[in-house]
Amino acid sequence: MPKNQIIDPNEIRKPSFIEFGRIPVNQYNRSIEEEKTRFSTGDFLRIYHDMVIIREFESMLNLIKTTSEYHGIPYNHPGPAHLSIGQEASAVGMAYTLDPDDHIFGSHRSHGEILAKGLSAINKLDEERLYSIMTNWFGGSALRVVEKGFHGSVSELAVHFLLYGALAEIFARENGFNKGLGGSMHAFFTPFGIYPNNAIVGGSGDISVGAALYKKINRKPGLVVCNIGDASMGCGPVWEGICFATMDQYKTLWEGDYKGGLPLIFNFMNNMYGMGGQTAGETMGYGMLARIGAGVNPEMMHAERVDGYNPLAVIDAFRRKREIISEKKGPVLLDTVTYRISGHSPSDASSYRSREEVEAWQKEDSIVAFGNLLAGSGIAGPEQLEEIRNNASDLTEHILRLAIDDDISPRIDLREDPDALGRMMFSNGSEDRMDEGVADVLIPLEENPRVKSLKNKERYYKDREGNPVSKARLFQLRDGIFEAVIDRFYRDPTLAAWGEENRDWGGAFAVYRGLTESLPYHRLFNSPISEGAIVGTAIGYGMCGGRVLAEIMYCDFLGRSGDEVFNQLPKWQAMSGNIIRMPVIIRVSVGSKYGAQHSQDWSSLVAHIPGLKVIFPATPYDAKGLMNSALQGTDPVIFFESQRIYDMGEMFREGGVPEEYYEIPIGEPDIKREGDDITILSVGATLYQAIKTAEILQSGYGVSAEVIDARTLVPFNYEPVIQSVKKTGRILLTSDASARGSFMKEMAQTVTELAFDYLDAPPVVVGSRNWIIPAFEMEEFFFPQPDWMIDAINERIMPLSGHRAKSDFSAGRSIKLNKEGV
């Protein structure tokens with residue numbers, strides 16, 4: 001879309017060939033004598049020690065799962081434990097060169113990576129910093145457990161802290177790194193640069209890209225490593241993440257210090273299997289995973305296959321790839337070849353692979369081989385290596401005893417405090433900015449052309465004489481959103497926005513028109529048509545400390561970002577023990593006129609998922625105030641906007657939409673029209689049909705309707721609705737969502753439960769038909785109309801004198817339609 005990049009037909013149509021370079025495969029060939037110039041004896045022993053610690057830790061878990069004991073210590077762990085026994089060299093080699101400022105993201109099989117990165121961070125942090133980290137993590141609860149009776153250095157104490165925090169988390173103990181709410185597949189510890197591991201295969205594929213974007217946009221030190229398995233190459237988040245990470249614009253359109261590739265390494269821990277599916281030879285077609293890089297960009301992602309059974313080879317690769325990252329030539333793809341001796345999980349009988357294959361890899365055991373290398377080169381004697389193994393065994397036993405002791409390692413007591421987990425779902429913070437610094441903008445706010453234009457707009461839908469204001473002169477709903485957004489861009493230096501057609505075009509529906517003039521490319525940019533990655537990258541950006549505004553062009557496209565919206569965005573705050581905040585706003589436009597796949601209201605789907613705040617304003621005043629509140633907050637918000645009403649002016653607040661900043665509390669409904677005889681509760685654009693209905697009821701039947709605009713779905717304060725129902729005794733609920741399973745049904749049930757004694761008739765829901773959405777010319781037969789609402793009131797709530805129904809809202813009709821599934 002950028003006008004300065006001309007697509008020349010003469011160049012595009014010119015005949016040529018695409019040529020690929022060579023991708024290195026297991027090219028490390030340094031001898032141990034050569035490596036002695038790069039590693040001290042202590043370095044070599046540290047590598048061995050870290051591998052042994054990981055092996056013993058996971059062997060303990062394997063025995064706990066399969067025999068319910070370890071070293072005679074009985075324990076039953078019913079939860080998951082996806083082990084990486086055999087992959088220790090890959091994990092330690094990956095983490096060895098990383099600094100605490102470097103972030104790793106992982107998978108369901110990442111215990112080894114957690115421990116490797118933690119041990120690496122402990123080696124690099126000074127003791128004062130280490131002790132401060134341990135003291136401040138959840139008030140030092142885990143530290144107090146391991147510190148009692150301990151004798152040794154702070155660094156040695158930190159190793160105990162690392163193992164205990166990880167194991168307590170796996171066993172769902174409150175002293176775990178995430179209060180036991182993340183567990184085996186989601187454990188992480190951000191002070192050591194260990195960011196969330198992900199139970200969904202490939203789930204880190206796009207989230208890690210967002211973390212790299214955060215570092216790049218906010219000039220933060222370090223790189224990001226995305227540790228995912230070879231089978232994840234078949235997953236959408238990985239492919240979309242790679243596309244997002246390799247966009248040309250980083251090199252062609254971003255300017256100054258921001259120009260250049262992302263600081264990101266996609267590190268595929270290639271153990272040759274996805275559960276029981278063998279990737280090379282069965283479920284994939286790449287032969288060697290590193291080949292994938294060749295098809296992504298001209299640099300072939302600097303792809304390389306590395307022998308992950310040799311920790312020195314992996315360390316060498318990461319050292320070289322870090323240089324590429326430092327030159328802003330990322331991202332990088334590493335195919336780290338390894339093998340899990342253990343099954344997919346302890347219950348896996350490995351029926352999909354032969355005993356001979358497993359035994360062949362056991363003979364290549366990286367810990368045994370590296371120990372033999374150290375002994376054979378005179379770096380360490382057999383007794384010294386045995387002592388390391390014995391110490392690891394003793395330490396693991398000690399940590400296990402601590403982690404399973406209910407007195408010192410309790411779980412969150414949900415009997416004593418039944419709302420404890422509920423308090424974790426939202427952070428409910430209020431932050432003008434997520435970091436210090438000056439917002440990077442191109443012009444002063446008052447010089448922005450749209451800002452200047454809006455000063456001449458009428459902020460109420462009628463002029464001083466009471467005449468309707470023309471659309472050209474009217475301050476519209478889209479303008480309210482724009483004012484909130486551009487104000488925050490000038491306040492919060494971390495705020496970035498992306499999505500399809502966000503820049504130049506001004507957003508698909510002109511909400512962002514004017515932002516391009518104020519914002520450099522790194523703060524407002526067009527993304528690939530990758531809805532999953534649009535949201536996934538926003539998650540990574542938010543969890544690392546930034547605020548992001550991502551856009552899904554049509555509500556119907558939420559399906560393309562389903563895992564990210566339903567399974568990732570809502571969960572990380574609570575799974576972190578509320579350590580992580582998620583200031584991520586996803587703008588979702590509900591369509592119209594475009595038929596079955598571009599006009600659906602899926603707000604009910606989103607409202608069903610715990611952990612998301614859901615907003616759906618219908619007026620310019622509410623849109624601006626609620627967007628301000630969303631952007632001031634620290635929680636994930638799905639912000640629905642209806643295309644039907646982008647051009648609506650403010651009809652309900654006589655003062656119009658204030659120019660100055662204001663917030664509307666999220667969760668508070670608003671009475672748009674007062675009445676005494678019936679309550680109408682609406683969501684979204686249906687507000688205007690509800691107002692028309694109220695006018696017809698008053699003029700035609702003498703019925704006074706009170707119209708309440710929900711404004712938000714989650715959270716929602718029912719008190720104003722209940723007070724209205726106490727007055728009117730009747731309620732109709734309406735929205736553009738299909739009636740079956742809609743959130744209006746949830747609201748109707750709740751109103752019934754809370755106001756049963758005040759109701760003169762059951763609540764009635766009038767939603768859209770349970771059909772595909774037809775063409776624009778037939779939409780009046782699909783979406784709720786005033787006559788539908790009046791017919792429903794007449795049939796189900798209160799007879800209207802002289803009314804002749806146009807639609808059948810009888811019980812018999814309802815039963816028939818439900819039988820037919822429509």
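**Strands, a pocket and a cavity in a predicted model**

Leaving aside the neighbours within four places in sequence, Ala496 is in contact with Ile217, Phe489, His522, Arg523, Tyr541, Arg547, Val548 and Leu549. I should say straight away that what we are looking at is a predicted model, and that everything I describe this morning is computed from it.

Let me stay with that residue for a moment. Ala496 sits in strand S10, and the residue is buried, with a relative accessible area of 0%. Why do we call Ala496 buried? We do so because a relative accessible area under 20% counts as buried, and the value for Ala496 is 0%. If you would like a long-range pair to look for on the screen, take Ala496 and Leu213, which are 283 residues apart in sequence while their C-alpha atoms are 9.7 Å apart in space.

From here we can step across to the strands beside S10. Strand S10, residues 496–499, pairs with S12 in the parallel sense over 4 bridges, and within that pairing Trp498 stands opposite Ala550 of S12. Strand S12 is joined in turn to strand S13, residues 584–590, by 5 bridges, and these two strands also run parallel. Ala550 appears here again, this time standing opposite Ile586 in S13, so please keep that residue in view as we look at how S12 is covered. Strand S12 covers residues 548–552, and 5 of its 5 residues are buried. In a regular strand the side chains alternate between the two faces of the sheet. In S12, Val548, Ala550 and Ile552 are on one side, Leu549 and Glu551 are on the other, and all of them are buried, which leaves both faces covered.

For a contrast, consider Tyr594, which lies in the loop between S13 and helix H22, residues 603–607. Is Tyr594 buried or exposed? Tyr594 is exposed, with a relative accessible area of 55%. Not counting residues up to four places away in sequence, Tyr594 touches Tyr554 and Ser599. Tyr594 and Asp487 are 107 residues apart in sequence and 32 Å apart in space, again from C-alpha to C-alpha.

Helix H10, residues 236–245, is mostly covered, with 7 of its 10 residues buried. Those buried residues are Pro237, Val238, Glu240, Gly241, Ile242, Phe244 and Ala245.

Let me now turn to another sheet. It is an open sheet formed by 5 strands in the order S16-S18-S17-S20-S21, and the pairing is mixed. The edge strands are S16, residues 670–673, and S21, each of which pairs on one side only. From one strand to the next, the twist averages 25°. Within this sheet, strand S17, residues 678–682, and strand S20, residues 731–738, run parallel and are joined by 4 bridges, and Ser682 has Thr734 of S20 as its bridge partner. Helix H27 lies across S17, S20 and S21, and runs at about 150° to S21.

Strand S21 and helix H27 bring us to the largest pocket, to whose lining each of them supplies at least two residues. The other elements that do so are helix H26, residues 743–755, and helix H28, residues 811–820. Which of these elements gives the most to the lining? That is S21, with 5 residues. The pocket has a volume of about 800 Å³, and the lining comprises 30 residues, of which Ala739, Val765, Arg769, Phe809 and Leu817 lie nearest the centre. By class, the lining has 11 nonpolar, 10 polar and 9 charged residues.

Finally, a few words on the cavities. How many cavities of 30 Å³ or more does a search of the whole structure find? The search finds 3, and the largest cavity has a volume of about 50 Å³. The lining of that cavity is made up of Ile54, Ser84, Gln87, Glu88, Ala91, Arg109, Ser110, Gly112, Glu113 and Met269. Helix H4, residues 88–96, and helix H5, residues 111–124, each supply at least two residues of that lining. By class, the lining of the largest cavity divides into 3 nonpolar, 4 polar and 3 charged residues.

How values were computed: Residues numbered from 1 in each chain as written. Predicted model: local features only at pLDDT ≥ 70, side-chain atom pairs only at ≥ 80, totals over all residues. Heavy atoms only, no water. 1 Å grid on protein atoms, 1.4 Å probe; cavity = no way out; pocket = protein on both sides within 12 Å on 5 of 7 lines; lining within 4 Å. Points joined across faces, edges and corners; volume = space filled by probe spheres on them. Nonpolar A, V, L, I, M, F, W, Y, C, P; charged D, E, K, R; others polar. Pairing = 2+ DSSP bridges. Axes fitted to C-alpha atoms, helices over the stretch in contact; angles between N-to-C directions. Contact = heavy atoms within 4.5 Å. Buried < 20%, exposed > 50% of the residue type's maximum accessible area, 1.4 Å probe, protein only.
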